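Colleague: I'd like to learn how to read helix packing and burial in a model. Can we walk through one together?

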Amino acid sequence: MKTVLITGANRSIGLETAKQLSEEGLFVYIGSRNLQKGEETVKQLTEKGYQNIKAVEIDVTNPESIKNAKNSIETEKGKLDILINNAGILGVNTQTATDTPVDDIREVFDTNFFGVINVTQIFLDLLKKSDNPRISNITSGLGSLTLHSDPDWKYYHVKSAAYGPSKSALNAYTIALAYELKDQPFKVNVIDPGYTATDFNGHSGPGSVESAASFIIKHTLTDENGPTGQYFSNDIEDETGISPW
C-alpha cells in the first residue's frame with residue numbers, strides 16, 4: 001500500500017484529495033497544523049466509510065514540527081511514496097505592490113514557498129526509500145508570469161504582491177528540484193487545481209473541489225514514463241493541461 005502525506009489536508013481541496021486517494025487504496029496522512037482538528041476530520045471520514053487515513057500534526061513553517069511528523073511516519077511506515085505540498089495561505093485582502101507591508105508578504109512566502117522547501121527537504125530521505133516517489137507542489141494559475149503578461153488572459157487584472165509571487169517562486173523552486181532529481185525515479189511537478197470554490201476564496205471560484213482533487217491525483221499518480229518538472233493547470237483548456245510558466 002502506497003503512503004501519501006498531504007499538508008493542509010483537513011479542509012477544502014486537500015481534504016477532497018485525501019478522500020479520493022483513500023478510495024484509490026492509498027494510506028493517507030492528513031497533515032494539519034492543529035492535531036485535534038486533524039483527528040476530528042479523520043473521525044468524520046472514518047464514520048463515512050473511508051479507510052487508512054490518519055492525522056499527523058505538521059506546521060510547514062516550523063522545522064521541529066516537520067521533523068516530528070517525519071519521524072512519526074518513518075516509525076509507522078518506514079517510507080513515504082507521495083508528498084503533496086498543499087498547505088497555503090492567501091494573505092491580506094489588499095496586496096498592492098506599492099503599499100503592502102513587507103512583513104505581510106513575508107508571511108505568505110513563509111508558508112507558500114519556504115514551507116514547501118522545509119517539508120520537502122526534511123522528507124526527502126523518506127521519499128528516497130520509495131520505488132516511485134512523487135512530489136506534487138500545489139500552485140496557482142496566478143503564479144504564471146507568462147499569463148500575467150498577457151492582457152487577454154481572463155485573470156490578467158488579478159495581481160497581487162504576495163500570493164501570486166509566492167507561487168511563481170514555488171514554480172521556480174520546483175523546476176530546480178525536478179532537475180536535481182531527474183536521474184532518480186522521482187516525478188516532481190507543480191499542479192494548479194484551478195479557480196475552485198473553497199473557503200480560501202470565499203467560494204468565489206467556478207470549479208468544484210471534486211474536479212480540483214481529481215486533477216491533482218491525475219498528475220500525481222503517474223507511472224515511470226510520466227513527466228517531471230512540468231506545470232499543469234486545471235484552468236488550461238486543452239487536453240494536455242500544461243500551463244506556460
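**Reading a helix pair**

Modeller: Helices α1 and α7 are oblique to each other, because angles under 35 degrees count as roughly parallel, over 145 as roughly antiparallel, 65 to 115 as roughly perpendicular and the rest as oblique. This is a predicted model, where local features need pLDDT of at least 70, side-chain atom pairs count only at pLDDT 80 or more, and totals for chains, interfaces and linings use all residues. Numbering starts from 1 along each chain as its sequence is written, and side-chain values use heavy atoms, leaving out hydrogens and water.

Colleague: What is the angle between α1 and α7, and how far apart are their axes?

Modeller: Axes are lines fitted to C-alpha atoms, for helices over the stretch in contact, and angles run from 0 to 180 degrees between N-to-C directions. Here α1 (residues 12-23) and α7 (residues 209-218) pack at about 60°, axes 8 Å apart.

Colleague: Which residues of α1 meet α7?

Modeller: Contact means heavy atoms within 4.5 Å. On the α1 side you'll find S12, I13, E16, T17, Q20 and L21, and their partners in α7 include V209, A213 and I217.

Colleague: And burial: is T100 buried or exposed?

Modeller: Buried means under 20% relative accessible area, exposed over 50%, partly exposed in between (1.4 Å probe, protein chains only). T100 is buried, at 11%. T100 sits in the loop between β4 (82-85) and α4, touching V92, T94, Q95, I105 and A161, if you skip residues up to four places away in sequence.

Note on methods:
Helices (H or I, at least four residues) and strands (E, at least two) are DSSP runs, numbered from the N terminus.
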